[in-house]
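Got the model open? Let's walk through it together, one question at a time.

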Amino acid sequence: MDGDLTILGLESSCDDTAAAVVRGRVAGGAAQGPGEILAAVSMGQGALHAPFGGVVPEIAARAHVERLDICAAQALAQAGLSPCDLDGVAATAGPGLIGGVIASTMMGKGIAWGAGAPFLGVNHLAGHALTPRLTDGAPFPYLVLLVSGGHCQVLAVEGHDAFRRLGGSIDDAPGEAFDKIARHLGLGFPGGPEVERAAQGGDPERFALPRPLLDRPGCDMSFSGLKTAARRAADALAETQGGLRDGDVADLCAAFQSAVAETLAEKSARAMRAFRETGPGARPVFAVAGGVAANGAVRAALTLRAEAEGFSFLAPPLALCGDNAAIIAWAGLEGFAAGVRSGWDLAPRPRWPLDATAAPLVGSGRKGAKA
Ligand code: KG4
Ligand code: ZN
């Protein structure tokens, strides 16, 4: 099909309830980025989960059910549209907390049915991985580093539904490690932005933290040992001086953040070299996506490495790094453009790997609430 598509997207796979309306051009049965975000509404649940130091699945699911219809109505009102103006409804159908993905899938089906529009269940990770097309119209193929609270993988994106994993974390996702370090140091939740704030002015050299797996070939990563080393360094210091001072927390956060940034950058550089061998053109694209892509030190390290490897670097605006519904609407738009749609019997999936042919990574995507 050719012309414009206007798609409502719904997201509720973790602790953000969100709806967005995105419009995009279709030519020759393929979406042509960039897309236009007509409306985006998001209700975070940080305050609901903060007392527990992490996302409580049952609380998240109930809040999604209470808020998703309000978000959808607000997004349509912001865009000045009624449900009948929609060309399709896309909703996160996995991976994520099952209560949340049931909420978005069922709400999406309901709105689509009522509007007489087609429905598409979207892979949340595809939403992150396709963000460079929504924001910059990146042509296929490109390389993307997806770093969030539950996932860490570097993927060659060869089509709207064709992803080849070049490497990933064999244990914790970086966002999860940020969250755990923050909790250990008594900082707030979610931990990533708190650690970044605390690291300002800190000395990244004072604590010598490991760069796990850099001594081994390949693009696989590990963040669990780094997290443990940071915790031990904090505990040892607290014991000798009877507590941690503000400067200590700043130095620990700076050291941790720089170890994560360096590891991600080095492994990404290796993936860029492997991707280049597949002949993606003179100046291929390397993009970053997911919540941890909001981190300034991570972005800076990736920018430098992409330049050194001769890649163009794309990082989404902060609002599109973490979970949001515009990326889900866009992933849906890509599918609708290609003529894909889901049946009314589509079942939500708590697990849904992007590259089904890649061997499962130990632990990756199986731990942590976030997907
Ligand atoms: O993509 P996202 O919103 O949710 C999913 O995991 O899908 O990512 C959330 C994760 C959390 O672990 C959060 O701590 C981390 O991204 N994060 C950050 C920053 N902002 C969010 N990590 C490091 N630095 C940040 N500025
Ligand atoms: Zn996400």
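Q: How far apart are the centres of domain 1 and domain 2?
A: This is a predicted model, and its chain is divided into domain 1, made of 3-139 plus 322-359, and domain 2, which covers 142-318. The two are in contact, with 29 residues from domain 1 and 22 residues from domain 2 taking part. Taken over C-alpha atoms, their centres are separated by 26 Å.

Q: Which element gives the most residues to the largest nonpolar core?
A: That core holds 47 residues, and Leu145, Phe256 and Leu264 have the most contacts inside it. Several elements supply at least two residues each, including β6 (142-147), β7 (152-159), α8 (224-241) and α9 (246-276). With 14 residues, the top contributor is α9.

Q: How many residues are in the other core?
A: Apart from the largest core lies another one, and Leu125, Ala126, Ala287 and Ala325 are among its members. Its count is 38 residues.

Q: Which leucine that Leu145 touches is also listed with the most contacts inside the largest core?
A: Leaving out residues up to four places away in sequence, Leu145 touches Gln153, Val154, Met221, Leu264, Ser268, Phe286, Ala287, Val288, Ala289 and Leu302. The residues with the most contacts inside the core are Leu145, Phe256 and Leu264. The name found in both lists is Leu264.

Q: What end-to-end C-alpha distance does helix α2 have, next to its expected span?
A: Helix α2 runs over residues 57-79, which is 23 residues. At 1.5 Å a residue it should span 33 Å, and the model agrees with that. The end C-alpha atoms of α2 sit apart by 31 Å.

Q: Where does α2 bend?
A: The bend in α2 comes to about 40°. Past the end of the helix, Gly80 takes a positive phi of about 70°. As for the bend, look at Arg67.

Q: Which elements do the buried residues of α2 pack against?
A: The buried set in α2 includes Ala60, Ala61, His64, Leu68, Cys71 and Leu76. The partners of these buried residues are β1 (3-11), β2 (16-27), β3 (30-44), α1 (46-49) and α3 (98-115).

Q: Is His64 buried or exposed?
A: His64 lies in helix α2. Not counting residues up to four places away in sequence, it touches Ser12, Cys14, Asp15, Asp16, Thr17, Gln45, Gly100 and Ala103. Its relative accessible area is 0%, and anything under 20% counts as buried, so His64 is buried.

Q: How many disulfides does a search of the whole structure find?
A: A disulfide is a covalent bond between the sulfur atoms of two cysteines. For Cys14, the nearest cysteine sulfur is that of Cys71, 15 Å away, and Cys14 is buried at 1% relative accessible area. For Cys253, the nearest is that of Cys152, 20 Å away, and Cys253 is also buried, at 0%. The search of the whole structure comes back with zero.

Q: Is Pro348 buried, partly exposed or exposed?
A: Pro348 is found in the segment after α11 (326-337), and it touches Ala93, Ile98, Val101, Ile102 and Thr105, not counting residues up to four places away in sequence. Its relative accessible area is 21%, while buried means under 20% and exposed over 50%. That makes Pro348 partly exposed.

Conventions. Residues numbered from 1 in each chain as written. Chains lettered and ligands numbered in written order. Predicted model: local features only at pLDDT ≥ 70, side-chain atom pairs only at ≥ 80, totals over all residues. Heavy atoms only, no water. Helix = DSSP H or I, 4+ residues; strand = E, 2+ residues; numbered from the N terminus. Expected span 1.5 Å × (residues − 1). Bend = angle between axes of the 7 residues up to and from the residue. Buried < 20%, exposed > 50% of the residue type's maximum accessible area, 1.4 Å probe, protein only. Contact = heavy atoms within 4.5 Å. Core = buried A, V, L, I, M, F, W, Y, C linked by side-chain atoms within 4.5 Å. Disulfide = S-S within 2.5 Å. Domains from an automatic or database assignment.
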